[in-house]
Each structure stands twice: as structure tokens, then as C-alpha cells.
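Q: I have a model open and want to learn how to read its features one by one. Where do we start?

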Amino acid sequence: DSYFLDQFSREYRGIDMTADRFTRLVTQGQVFVLRDVGHFFGDIHNWTCDDFKRDPQFQGGAMSLSYTADASNAAAKLGGDWDQVKAASGAEDAEAPQQAPYYWGIKDVQFDDGPREQYNWSTAMLDKVHSLTKLPSFMHTDCRGDQQRTPEFWFTTPGAGAKAHVDTHVQATVALQLSGHRRWRIGLIDPRRLPHAAFLFSDGAVYKRGTWAPSHVINLGPGDAVVFGPGFVHETKNEGEDCAASMTFQFNTPMAAGLYRSFLPRFRRTPDMHEAWHLLRSWAFLGQFNPGLIQTAGRGMEAEAAAEYATRLFKGVDKNGDGSVESGEALGVSADVISFNDLNSDGRVSMEEHQNVFTLWATSEKAVVDATPPQLLSLHYSEALEDANYGPWAQKLQKHMRKTLKQEAAIDKQEL
């Protein structure tokens, strides 16, 4: 890993945020705070828990407890007395939230397998959310679709919040505090010496291992927002005296390509981030990867062979022969592909830059393939990996994780 990620939270007023700055920060993977930005997100920006409870469109819908000690997900109507319920989180950390929050995942009403009937949700509820929200001018217009597809709401009474965890999605996240106050603790996933197959950052797992040292502690009040990239362990806690309401969504433009590149080995060795592995591979191949390349190049290679392969690949993509590749120059060469390979941030990729980035990916991939037991290697790049972590294979994967963690600790000890 070779990238300086700010160990403090950059803060900006909403009126000072520009599209260029927002794009740059997200691409780099910086954690940053937007103060007094609520009105940029629409009329929902100052809704309180009571507003949701009293709204005739919303009050009949149900939400569920999340991050509970017993992993239960008891439902409660938005219009009910859910704010009088106390459910322990079981978090094994004195600083962590000791009460569980409520989650309203109304976004799932759009999907065939969503819990529409179970929670009495309707598309009219989601339509109202859409009417109450808008996209800030500093975000790319494509993100409006993301905002409409992925909205979720969190309601926390004093002391409640989400236990530390990592989400498996590949996009960056924006979380807007609508009312009340919440503290966030955030930190990038740990470096890894060896590849794992079991999820390492499920709810509260870092507390049990005692290895989490969050790099950012952020306090949000009404109208404030935090933006962070994929791969960040995060935790929330209501440290105010009143119920707190917040809205969160993910967005695809831009992707945190610079973050992925800068911390590529740990992303590739951390199975919680398996949804990103296809992206990393595609970007390393300048958007030209196809299934036919799996045997010849898709399993990684030594540095010298990787540099030679990258040279041939680059020449095939450099359609005008000017020694650099820009977004759109060839099919598959997107802005994210450029950001991933663009080491000096000049908006184009030179052959040397691509050789360096491809070699990083190829050598990292080879190290993962060589160190993964054959019976587990088939799970890589497969949807079966997630199923295996919750199905019959779970016990076997947990055993492998404990063994690998000990091996990593031994390597660290040898290098002291």
C-alpha cells in the first residue's frame, strides 16, 4: 500500500463545494464532511423522527431493528412507539453504541424479492421520498438515478447506532443528518499479509478482535453530511438527547478508483470487498478484460511478464498512437479506467503509468492465487463466496480465517 490517505476529516461548507473538488475527493477516497449542506438535498433535509411518524404516507410502513445482540430484526411501524423500545446491540466496545438502531430500507420496494408485503411498503412511499429529495449541484447528474435507487433511512434514539462494519458495495456513500446528532467512527480496512476467504468485517467483528483503530471521528448535526469511499469500517452512535434521523445513499459517479489503486493489495485480500475484484481486474486491463483472458493473464503474473503484457495491451488501446490513452479512446476505456491508471492525475494514461499499475495488479493477483488453498480458490470472482460465508461452508471458512490471522501475526512478529 502506497498512498497517503488523510488521517483527519476535510470539512467544507455546502456552498463552497464544487463539482471538480467533489469528484477529486471521491476519486481519491478521502473522507470528508459537508457542513450546512442539507438544503442542497431537498425538502427532506430537516425532517425529524416525529415528522416521519406523523406523515400519513409513511406512518403505516414498517422498519426493522438492526445490529442487535441476538441478530433479530423485529419490525415496528414508523407511526408507532418504536422510539420507546430499547434493544441491546451487544457491542463489545465501551465507545460503541450499546443500543440498536432502526432501519427503513424503502429502496428495496423496487425489487421483486424486496420485503414489500412483510413491511407494508408501497411504491407511493418511495415516490414521496423521490419528491422530497434532490441532487446537489456538485454531484454528477447521473447520481440522481443512484439517489433514487438506493435511499435508506436510519432512526436512532440516544445511545443507539450501527456497530462497526464494512459494506460490500463498491461505490462511495453519502450520509446526510436530517435531525439530531450522531458521531461517526471511520477507518479503512486493515492491511493484509495473506488472502482470506471468510468475511472479516461483519457487524461488530472488529470489537472482538480488538484490532480496530478508527482514523476519523466525526460529529454530525442537522444539515451535515459525511462522504466516504468503499472499504471503510464505519460505526455510528447517537450522542444527542433526542431521536436522530438520517438518510444514506450510494453513488456510482465517480468511483473511488484512486483509493482502490492505492490500497489494491488489501482490497484484493479482503473478501468483504469481493464485489470490487471484477472492477479492479477490468480497470487494470484498461477495460479490455474478457473471459478468454482468464487462463493467460487473469490469474496474475510476475513483474517482468506483467510489464511486457501491459506494453502490448496499451498499444492496442492507444488508437491514435500518441503515447497516451484518454477516456473514450477505445471501447471500455471509461473515466474510472483512466483514474485507476492515471498516477499523476493529468487526465490521461501513459504507457509507463499503465505498466506500473498493471504490474501492481498482476503481482498482487498472483500472490493471492499462490497463497489460496485450491479448494477455496474457486470461490474467488464467484457469487458463491458470499453464499459460502453464510451457508454450509461458513464453519470451514472461519477456521481458515483463524489460521490465516495467526500466520499474518507471525509474519508481523518476524519483521519487528
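A: Start with a helix and its hidden side chains. This is a predicted model. In helix H1, residues 19–28, the buried residues include Phe-22, Leu-25, Val-26 and Thr-27.

Q: What is the phi of Gly-29, just after H1?
A: The phi of Gly-29 is positive, about 85°.

Q: Which residue other than glycine has a phi near 50°?
A: First the general idea. Most residues other than glycine have a negative phi. Asp-36 goes against that habit, with a positive phi near 50°. Asp-36 sits in the loop between strand S2 (32–35) and helix H2 (49–54).

Q: Is Asp-36 buried or exposed?
A: Asp-36 has a relative accessible area of 54%, so it counts as exposed.

Q: Where is Tyr-67 found, and what is its phi?
A: Tyr-67 is in the loop between strand S3 (62–65) and strand S4 (75–77). Tyr-67 also has a positive phi, near 60°. Its relative accessible area is 13%, so Tyr-67 is buried.

Q: Which two residues does a cis peptide bond join?
A: Again, the general idea first. Most peptide bonds are trans. Here, Thr-253 and Pro-254 are joined by a cis bond, with omega about -5°. Pro-254 belongs to the loop between S12 and helix H6 (257–262).

Q: How should I read helix packing?
A: Use two values. A packed pair is described by the angle between the helix axes and the distance between those axes. Take helix H9 (residues 303–317) and helix H11 (residues 351–371): the angle is about 130° and the axes are 8 Å apart. H9 is therefore oblique to H11. The crossing of H9 past H11 is right-handed.

Q: Which residues of H9 and H11 meet?
A: On the H9 side, they include Ala-303, Ala-306, Tyr-309, Leu-313 and Phe-314. On the H11 side, they include Met-351, His-354, Phe-358 and Ala-362. By class, the contact of H9 with H11 has 10 nonpolar, five polar and one charged residues.

Q: At what angle do H8 and H11 cross?
A: Helix H8 (residues 277–284) and H11 cross at roughly 145°, and their axes come within 9 Å. This crossing is left-handed. Leu-280, Arg-281 and Ala-284 in H8 meet His-354, Phe-358 and Trp-361 in H11. The residues of this contact divide into four nonpolar, one polar and one charged.

Q: How many residues does the largest nonpolar core have?
A: The largest nonpolar core has 69 residues. Those with the most contacts inside it include Phe-285, Phe-358 and Trp-361. H9 gives the most to this core, with six residues. Apart from it lies another core, of 49 residues, among them Val-26, Cys-49, Tyr-102 and Leu-135.

Q: What is Trp-361 in contact with, beyond its neighbours within four places in sequence?
A: With those neighbours set aside, the contacts of Trp-361 include Leu-264, Ala-297, Gly-300 and Tyr-381.

Q: How far apart in space are Cys-243 and Gly-159?
A: From C-alpha to C-alpha they are 9.7 Å apart, with their places 84 residues apart in sequence. Cys-243 lies in the loop between strand S11 (232–238) and strand S12 (244–251). Beyond its neighbours within four places in sequence, Cys-243 is in contact with residues including Cys-49, Trp-82, Pro-158 and Asn-238.

Q: Is Arg-192 buried or exposed?
A: Arg-192 is buried, because its relative accessible area is 11%. Its place is the loop between strand S8 (182–188) and helix H5 (205–209). Not counting residues up to four places away in sequence, Arg-192 touches Leu-200, Phe-201, Arg-266, Arg-269, Thr-270, Leu-405 and Glu-408. Arg-192 and Phe-111 are 81 residues apart in sequence and 36 Å apart in space, C-alpha to C-alpha.

Q: One last loop. Where does Gly-347 lie?
A: Look between helix H10 (335–341) and strand S14 (349–350). With a relative accessibility of 42%, Gly-347 counts as partly exposed. Leaving aside neighbours within four places in sequence, Gly-347 is in contact with Glu-326, Ile-338 and Asp-342.

Technical notes. Residues are numbered from 1 along each chain as its sequence is written. This is a predicted model: local features need pLDDT of at least 70, side-chain atom pairs count only at pLDDT 80 or more; totals for chains, interfaces and linings use all residues. Side-chain values use heavy atoms; hydrogens and water are left out. Axes are lines fitted to C-alpha atoms, for helices over the stretch in contact, and angles run from 0 to 180 degrees between N-to-C directions. Helices (H or I, at least four residues) and strands (E, at least two) are DSSP runs, numbered from the N terminus. Angles under 35 degrees count as roughly parallel, over 145 as roughly antiparallel, 65 to 115 as roughly perpendicular and the rest as oblique. A crossing is left-handed if the near helix is turned anticlockwise from the far one by less than a right angle, and right-handed if clockwise. Contact means heavy atoms within 4.5 Å. Ala, Val, Leu, Ile, Met, Phe, Trp, Tyr, Cys and Pro count as nonpolar, Asp, Glu, Lys and Arg as charged, and the others, Gly among them, as polar. A nonpolar core is a set of buried Ala, Val, Leu, Ile, Met, Phe, Trp, Tyr and Cys residues joined through side-chain atoms within 4.5 Å. Buried means under 20% relative accessible area, exposed over 50%, partly exposed in between (1.4 Å probe, protein chains only).
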